[in-house]
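I opened the model today to go through it piece by piece. These are my notes, in the order I looked things up.

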Amino acid sequence: MRSSSPVLRVDPERPRDVADGERPITDVAVGILVDPAGRFLMTSRPPGKPYARYWEFPGGKVEPGESVEAALARELREELGISVEACTVWREEVVDYPHALVRLHFCRVQRWTGSLQMLEGQQASWETLPVQLAPILPGSLPVLRWLAEAPVESISK
Ligand SMILES: Nc1nc2c([nH]c(=O)n2[C@@H]2O[C@H](COP(=O)(O)OP(=O)(O)OP(=O)(O)O)[C@@H](O)[C@H]2O)c(=O)[nH]1
């Protein structure tokens with residue numbers, strides 16, 4: 001996959017788990033679901049994961065050989081019990097965490113079926129700007145800035 005996305009470095013003072021130059025990059029598919037009222041869905045990271053209880057957008061790692069769209073559909077089925085019917089990649093961003101180097105593929109989910117279920121013990125909240133939730137995962141913060149610049153309805157309907 002391409003590697004020309006902007007890089008957000010989180011906690012530059014902390015040592016990286018693996019030296020720069022040797023760090024594998026992990027692709028992550030992330031979904032932005034918008035409801036008919038124009039609110040977008042945020043979920044909390046389940047206990048036991050890095051940054052547990054931080055708020056983020058639902059999604060997860062792309063498996064080898066999988067497309068971003070297929071990974072997102074699988075992750076949202078596993079986490080939320082919904083079936084994605086249409087989604088489009090919106091923006092990409094590389095985040096350099098001390099524990100991992102990730103390339104986030106933020107996708108607008110245009111259509112899904114099924115009711116939301118919290119299958120991994122997470123919480124969910126339909127939000128509008130300004131978001132009052134805290135703490136928010138550093139790699140998810142740019143999305144809130146982008147949404148402030150471009151109304152959520154305008155991202156690839
Ligand atoms: N799902 C999601 N991950 C994000 C966002 N922003 C962000 O930096 N990330 C990072 O992307 C990575 C996604 O990993 P994950 O732990 O959610 O993925 P997963 O469910 O496939 O993990 P696992 O199967 O290893 O448990 C983490 O390093 C997480 O910190 C976001 O908005 N949503």
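**Helix α1.** I started with α1, which has 13 residues and reaches 17 Å from its first C-alpha to its last, close to the 18 Å expected at 1.5 Å a residue. I should say up front that this is a predicted model.

Next I asked which residues of α1 are buried. The list is Val68, Ala71, Leu72, Ala73, Glu75, Leu76, Glu79 and Leu80. The general rule helps me read such a list: an α-helix has 3.6 residues a turn, so residues three or four places apart point the same way. What do the buried residues of α1 pack against? I found β2, β5, β6 and β7. Just after α1, Gly81 takes a positive phi of about 70 degrees.

**The core.** I then pulled up the largest nonpolar core, which holds 24 residues. Ala29, Val30, Ile32, Leu72 and Cys107 touch the most other members. Two or more residues come from each of β2, β3 (40–44), α1 (68–80), β6 (83–96) and β7. Which element gives the most to this core? That is α1, with 6 residues.

I picked Ala29 for a closer look at contacts, leaving aside neighbours within four places in sequence. Ala29 is in contact with Val68, Ala71, Leu72 and Glu75, among others. The rest of the Ala29 list includes Gly59, Gly60, Val62, His105 and Cys107.

**Val28.** One residue back, I checked Val28, which is found in strand β2. Buried or exposed, with 22 other C-beta atoms within 10 Å? Val28 is buried, because the cut-off for that is 20 or more. Leaving aside neighbours within four places in sequence, Val28 is in contact with Gly59, Gly60, Lys61 and Val62, and also with Val102, Arg103, Leu104 and His105. I also took a C-alpha to C-alpha distance: Val28 and Phe106 are 78 residues apart in sequence and 8.5 Å apart in space.

**Around the ligand.** There are 17 residues around the ligand, and Glu56, Gly60, Lys61, Gly139 and Ser140 come nearest. The elements that give two or more residues to this shell are β2 (25–33), β5 (59–61) and β7 (101–113). I noted that β5 gives the most, with 3 residues. How does the shell divide into nonpolar, polar and charged, and how many of each? I got 10 nonpolar, 4 polar and 3 charged.

**The UniProt record.** I looked up the entry, which is unreviewed, and it places the feature "domain: Nudix hydrolase" at residues 24–149. In the model, the end C-alpha atoms of residues 24–149 lie 32 Å apart. That span is 17% helix and 40% strand.

**The loop between β8 and α2.** Thr128 sits in the loop between β8 (124–127) and α2 (141–149). Why does Thr128 count as exposed? Thr128 has 12 C-beta neighbours inside 10 Å, and 12 or fewer counts as exposed. The C-alpha atoms of Thr128 and Arg23 are separated by 36 Å, and the two are 105 residues apart along the chain.

I went on to the prolines in this loop. The peptide bond from Leu129 to Pro130 is cis, with omega near -5 degrees, and Pro130 is in the loop between β8 and α2. A cis peptide bond also joins Ala134 and Pro135, where omega is about -10 degrees. Pro135 too is in the loop between β8 and α2.

Pro151 is in the segment after α2. Pro151 counts as exposed, with 10 C-beta neighbours inside 10 Å. The C-alpha atoms of Pro151 and Leu129 are separated by 9.8 Å, although the residues are 22 apart along the chain.

**Positive phi outside glycine.** I flagged Asp11 here, with phi near 55 degrees. Asp11 is found in the loop between β1 (7–9) and β2, and Asp11 is exposed, with 12 other C-beta atoms within 10 Å.

I flagged Tyr51 as well, with phi near 60 degrees. Where is Tyr51 found? Tyr51 is in the loop between β3 and β4 (55–56). Tyr51 is partly exposed, with 18 other C-beta atoms within 10 Å.

How values were computed
Residues are numbered from 1 along each chain as its sequence is written. This is a predicted model: local features need pLDDT of at least 70, side-chain atom pairs count only at pLDDT 80 or more; totals for chains, interfaces and linings use all residues. A residue is near a molecule or strand if its C-beta atom, placed from the backbone, lies within 6 Å of it. Helices (H or I, at least four residues) and strands (E, at least two) are DSSP runs, numbered from the N terminus. Ala, Val, Leu, Ile, Met, Phe, Trp, Tyr, Cys and Pro count as nonpolar, Asp, Glu, Lys and Arg as charged, and the others, Gly among them, as polar. A nonpolar core is a set of buried Ala, Val, Leu, Ile, Met, Phe, Trp, Tyr and Cys residues joined through C-beta atoms within 7 Å. Two residues are in contact if their C-beta atoms, placed from the backbone, lie within 7 Å. The expected span of a helix is 1.5 Å times one less than its number of residues. UniProt positions are given in the numbering used here, feature names are shortened, and annotations may be inferred rather than shown by experiment.
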